[in-house]
Amino acid sequence: MQTDTACIVAALFGCGLYLVLSRNLVRTLFGFLLLSNAVNLLLLATSGDPRGKEAPIVGAGNFPAVDPLPQALILTAIVISFAVTAFLVVLVYRLALDHGTTDSEKLFAARSDGEENTP
Amino acid sequence: MSLGLGLALVLLLPAAGALAVALVPRRWLPFPGFIALGVAMASLCGVLAIGSKAGAHPSFVLDWSWVPECGLSLSFLVDGLSLFFAVIVLGMGVLVLVYSRGYMAGREGDHRRFYAGLLFFMGSMLGTVFSNNLLLLFIFWELTGLASFLLIGFEHTSEEARRGARMSLLVTAVTGLVMLLGIVMLKQVTGTYDLATILRSPLPQTHKDWLDACLVLLVVGAFGKSAIFPFHFWLPNAMTAPTPVSAYLHSATMVKLGIFLCARLFPIFGERELWAPLLGVPAFSTMLLGAVLALMSSDLKAILAYSTVSQLGYLIGYYALGPNGGVDYDYLHILNHLFYKGSLFMVAGIVEHAAGSRDIGKLGGLAPRLPLTAASCAIACAAMAGLPLTTGFLSKEFMLKEIFSAFSVHGYLGSFAVVCVVLTSLLKVAFSAKIILRVFFGKEPETVTAHFHAPSAWMTLPPAVLSGCALLAGIAPSFLNPLLQPFTVPGLHAGTAEHFQIWHGWTRELWVSLAVVLAGLALYRVSHYGDRPCPGVPSYLKAERLFEWLHEKTIAAGRASVRLFQTDREQSAVLAVTAFAGVTLGAFAWKQVFAGGFGPLLQFVDFTGGMSPLRLLVGVFIVLPALGLVLFRSWGGQLACLGISGFMVTVYFVLGRAPDLALTQLLVETVSIVAIYLLLGRCAKQGLLEQWSDLPSSAMAQGLRVAVSCSVAAAVGVLILVVTGMPHHNPVGNFFIRHTEDMAHGKNAVNTILVDFRGLDTLGEITVLLAAMLGCLGLLMRYRRNSEEQKQGRDLTPGLGLGEEGKS
Amino acid sequence: MTGLSSPILRASSTLAFFMANTLSLYLLLRGHHAPGGGFIAGLVTASSVVLLGYARGPEKFGRVLGADPGLIAGIGLAVAGATALVPILFGRAALEHFFWILGNNGWSFGTALIFDVGVFLVVVGVTTKVVASFAASSCGLPALVAEEERRYSSPSEEPLEGTRAN
């Protein structure tokens, strides 16, 4: 499970980071989602090659199993990234409502103007 | 009643009173002033009972364990010094609370806050003086500063009051922290925070430099609290507090904590060479400086504040020059100051109340209208000037006597002290004359006539009591000896105090006194000839300007550093992070090259071994939508790509033997897509998002972006290959699989890790979930508009030019 | 917007809701031994609530569960926290679980299940609350029902959408 996972995670990381670096905050949000998937897969890769192994559910005879710890970590990570996603979405939504744009350059310029006006 | 219980009651009563007054609604607890007074009186009785039960020269420790791990215990030392200060705190507290009845009349709405603050202060003050554990002492020490902050800023609507409160808090808290440093260092040398133990055993002779550093740090704390140069400026600025607070905290009790600390340190450090110059030079300079500034000031409370600074300087200097065997007259000086300064502050409050001003240029001729107050003020001023028949005279005689004897012992410092003391005594006569003559005699200005209303007896009696004490003890000083005798502390006091007498004969000190009084009167006559106004304190002598400058610069530096590290553009933050990671990885790779190439790292990597056609196929369906997400321009297409990629990750989890993950991912992906669809769909419908693809950027920026993304992707790929390729023989996961049944009684190891083995993580996680929910709801709120704004259509709804509103 | 207009779809959404929750209960109970557990069961329930909310329309979405979902999440956290703290009362480490063996088929009941129920409640509450408030806001409605306002906001705040008579 090394080479193929490595390729997938690398590709997801590349796309995600490219999107995160965008000026458009919506694209940043999407990039964040890709990145969180990428990180989950990265963690999964550390649980070792699954071929010939079973899910970490102890029962009669299904040994050896994959490492359960990365899976527990990923499960936590998935839920947390859901919470963060919800927060980011509503943040972008609010910015769009208040300022009519999701262009971070424009938002930044508006803020700088505001700062100059109110010393 | 045992002493322990009694002391606990004494310490807890003010705290309980403060809580009750602050929290219980007025309906159920009327007259907070009387409750505070009752609490203070009960505590005073308690302290006196403890004192009488403990007998003469008590010294015992009451100890309750608190945090033994870091040496912190609720340990209290009852000895003469702590009892003396406790009596002062509570006795003065009773008088101030009586006075407050009059001062705060007509402001019933503020009573609870005011009395709760005073009781809180009283409690922390008692804690400080009784503390035996030095860490505990520090805690109470800072609590008194906090109480002082709250009380100075009592008139919180006034900018001046807020400024004074901030200044005093900053100065005393920061110097308090320096003191904490000294306490910790002292513990390193002596091995204990226990004051009684440190007092009993001589200091080790080994760590001389450490001990000197300790002493300097501790003394900084004392100087900050007692407003000694260079920290003297906060005290006059604290005069924005209500007058009872000034009388109580800023002349009688809190500022004496520095003196208390010096008295505590005297038996420990008194014989070190550093002691006398370290304390003496700043203390005597402060004494002189305070007196000069007092003469220049025209605000009644400012005069009193500067004269307090001056007197505090003298008291510290007194310990500085104390002979090796111990001092003898510190209690006399402290009591004397308490009597006259407390009285004068209360008089200042009365005058301000009655005449509407405390600027001595705008006052005059109040004696016929306020006879009792004028008499109190006259006695207090006489005591301040050191005229006979008052405690001031006694205090000054002994002051001069001791200073003359120190003259021969301390060389240059001694002569400096003599000059300062004599000049200060002279200045004191001058500004005492100024206060009494300018306020109570002369012509009454019309503004005063127009404003005047008589003060209540609640206000006029307490200063009369204090002045009466000064007079009584001045006329019959022999009473004082037996009163003060039980409070003496071995090690601090030599026990060779002379018997106080009203007349000591024609001594050298008397002649000097006489000369000083005459010269002082002459100085007043010259400096305030006729109606010449007071010069006021020139701005180059105002140290608070330096403080304000420092304060501003600190904040500016903080802003600048934040601007340096925290940019508003998330791209630059991401770039910074990735650049840092790149440099670290690069350095690592560089090191590897020197350590023999990448061979050792890459030897385990099997580039072709880990391939599986099915997983590769799924991988293609994960990566292709991700690329589509980058390339598509319509938002529906992008969302679809995101969804497909996420759902294919689910399949990948299944292939990775992770059924729990697959289920979770499936559901989370669904809910996330719904949430994004809901909110962004609305934005898209209303045309708020101009475009969904990337916004144009320069070729250079675009190139940088692609380069960073690609190199990070490559780095991550290599990282996975290397990490997963490394043989790890005993992964921790095996432990969970082996023990999931016998320890957690479950078969699903992932679930047992989540709820049992690592349950705390899960608890944290669901807390994060809840916090995120509250954050989301918060972002769906805005400031409530008033009806006017609603009518004007000032609305945070789309299309109304909100960007512009945000700017204006 | 008042939800789905077709009565058949609305009825089937209710049916789906109950089916999904049966599944969710099953997943929750077996979570300790087979794939499932508080998170997954919570997400299944939340999805079913989202479905039902979609059928009933955004005004009624926040009330599909009959109570404020935020409150359910708070109760969940309290349950989980209590499970974590109760062992301390008995002189054990925090979060230590107790088990009782049920019969001889290897099944057991443990306080771990109570903890998992807490997790379940938090996930259900948070997800429902978030999606419901998003749905309301996206339709131009206030994100909070009037009586909930005091629970989540200070007096100086009001929901983003709509001007409530005040």
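Among the elements of chain B, which has the lowest mean pLDDT and which the highest? Helix H33 (residues 802-807) of chain B has the lowest, 38, and helix H5 (residues 134-152) of chain B the highest, 94. Here pLDDT is the predictor's confidence in each residue, on a scale from 0 to 100. Helices (H or I, at least four residues) and strands (E, at least two) are DSSP runs numbered from the N terminus.

This is a predicted model, in which local features need pLDDT of at least 70 and side-chain atom pairs count only at pLDDT 80 or more, while totals for chains, interfaces and linings use all residues. Residues are numbered from 1 along each chain as its sequence is written, and chains are lettered from A and ligands numbered from 1 in the order in which they are written.

**Confidence in chain B**

The average pLDDT of chain B is 85, and 92% of the residues score at least 70. Over residues 794-808 of chain B, pLDDT stays under 50, and the model has 28 contacts beyond four places in sequence for them. Two residues are in contact if their C-beta atoms, placed from the backbone, lie within 7 Å.

**Interfaces**

Between chain A and chain B, 84 residues of chain A are in contact with 94 residues of chain B. On the side of chain A that touches chain B, helices H1 (3-20), H2 (25-45), H3 (68-99) and H4 (104-117) of chain A each supply at least two residues. H3(A) provides the largest share, 25 residues.

The contact between chains B and C takes 43 residues from chain B and 51 residues from chain C. On the side of chain B, helix H27 (659-685), helix H30 (749-757), helix H31 (759-779) and strand S3 (781-783) each supply at least two residues. H27(B) gives the most, with 14 residues.

The table gives the composition by class of three sets of contact residues. Ala, Val, Leu, Ile, Met, Phe, Trp, Tyr, Cys and Pro count as nonpolar, Asp, Glu, Lys and Arg as charged, and the others, Gly among them, as polar.

| Set of residues | Nonpolar | Polar | Charged |
|---|---|---|---|
| Side of chain A that touches chain B | 51 residues | 21 residues | twelve residues |
| Side of chain B that touches chain C | 25 residues | twelve residues | six residues |
| Contact of H1(C) with H2(C) | 13 residues | eight residues | one residue |

**Strand pairing**

Two strands pair if DSSP finds at least two bridges between them. Three bridges join S3(B) to strand S3 (residues 157-159) of chain C, and the two run antiparallel. B:Tyr783 has C:Glu157 as its bridge partner in S3(C). Within chain B, strand S1 (residues 59-67) and strand S2 (residues 72-79) pair in the antiparallel sense over eight bridges. S1(B) and S2(B) form a hairpin with four residues between them, and B:Gly71 in the turn has a positive phi of about 75°. B:Val67 stands opposite B:Leu72 in S2(B).

**Chain C**

Chain C has six helices and three strands, in the order α-α-α-α-β-β-α-α-β along the sequence. Of its 166 residues, 46% are buried. A residue is buried if 20 or more other C-beta atoms lie within 10 Å of its own, exposed if 12 or fewer, and partly exposed in between, with C-beta atoms placed from the backbone. Among contacts in chain C between residues at least 6 apart in sequence, 63% join residues at least 24 apart.

Helix H1 (residues 7-30) and helix H2 (residues 38-56) of chain C pack at an angle of about 170°, with their axes 8 Å apart. H1(C) is therefore roughly antiparallel to H2(C). Axes are lines fitted to C-alpha atoms, for helices over the stretch in contact, and angles run from 0 to 180 degrees between N-to-C directions. Angles under 35 degrees count as roughly parallel, over 145 as roughly antiparallel, 65 to 115 as roughly perpendicular and the rest as oblique.

C:Glu149 is found in helix H6 (residues 149-152) of chain C and is partly exposed, because it has 19 other C-beta atoms within 10 Å. The C-alpha atoms of C:Glu149 and C:Pro159 are separated by 7.9 Å, with the two residues ten apart along the chain.

**Backbone exceptions in chain B**

Most residues other than glycine have a negative phi, and most peptide bonds are trans. B:Leu389, in the loop between helix H15 (371-385) and helix H16 (391-410) of chain B, has a positive phi near 70°. B:Leu389 counts as partly exposed because it has 17 C-beta neighbours inside 10 Å. B:His745 has a positive phi of about 55°, and its place is in the loop between helix H29 (733-739) and H30 of chain B. With 22 other C-beta atoms within 10 Å, B:His745 is buried. A cis peptide bond, with omega about 10°, joins B:Phe229 and B:Pro230.
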